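Trainee: Please take a close look at one part of this model, the largest pocket. What lines the largest pocket, and how much space lies in it?

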Amino acid sequence: MGDSYTKTIGLMSGTSLDGVDAAVLDTDGEKIYEFGSTYFRPYCEDERRLLDMATQAAIAWGFAGKAPQIFEQATSIINAAHIEAVQAVLKKAKEPVELIGFHGQTVLHHPPMRGQKGKTLQLGSGQ
């Protein structure tokens, strides 16, 4: 192969609030050299409901004032689900993983407009 790549786990949780996808792949950050194991960890109905409530609270908040308290509960759910997905996909992986890509769960996004910078809030902790 000759190219330098890293065994990586990529995580994805989207606005559909269906759950967390995890995939192992070999990448140099630009090109994917090989796909490996995958895993899907669905959100249960209670988790989905709370994450939806957090998203609605974020929209109402709009980055103005104190952040809603529900963000703490939502962050706990997001972290736990992502940790479960990582643990499950690691059990299926054939080699050690060197890097994990985690973006959290987007609950609010204001794109750049009319010369103003955009703002995005993703809940979750990469630690």
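Mentor: What follows describes the largest pocket, then sets it beside the second largest pocket and the fold as a whole. The model is predicted. About 210 Å³ of space lies in the largest pocket. Its lining is made up of L11, N79, H82, I83, V86, I100, F102, S125, G126 and Q127. Helix α2, which spans residues 70-92, supplies the largest share of that lining, with 4 residues. By class, 5 of the lining residues are nonpolar and 5 are polar, and none is charged.

The second largest pocket holds about 150 Å³ of space. Lining this second pocket are K7, V24, E34, F35, G36, S37, K92, A93, K94 and E95. Here the largest share, again 4 residues, comes from strand β3, residues 32-42. The class count for the second largest pocket is 3 nonpolar, 2 polar and 5 charged, whereas the lining of the largest pocket has no charged residues.

As for the fold that carries both pockets, the protein has 2 helices and 6 strands, in the order β-β-β-α-α-β-β-β along the sequence. Its C-alpha atoms fill a box of roughly 50 × 40 × 25 Å along the principal axes. Of the 127 residues, 35% count as buried. Among contacts with a separation of 6 or more, 51% join residues 24 or more positions apart. The accessible surface comes to about 8100 Å², and carbon and sulfur atoms account for 53% of that surface.

Note on methods
Residues are numbered from 1 along each chain as its sequence is written. This is a predicted model: local features need pLDDT of at least 70, side-chain atom pairs count only at pLDDT 80 or more; totals for chains, interfaces and linings use all residues. Side-chain values use heavy atoms; hydrogens and water are left out. On a 1 Å grid over the protein atoms alone, a cavity is a set of points where a 1.4 Å probe fits but cannot get out, and a pocket is an open set with protein on both sides within 12 Å along at least five of seven lines; lining residues have an atom within 4 Å of a point. Grid points are joined across faces, edges and corners, and a volume is the space filled by probe spheres set on the points. Ala, Val, Leu, Ile, Met, Phe, Trp, Tyr, Cys and Pro count as nonpolar, Asp, Glu, Lys and Arg as charged, and the others, Gly among them, as polar. Buried means under 20% relative accessible area, exposed over 50%, partly exposed in between (1.4 Å probe, protein chains only). Contact means heavy atoms within 4.5 Å. Accessible areas come from the Shrake-Rupley method with a 1.4 Å probe; for residues, only the protein chains shown count as cover.
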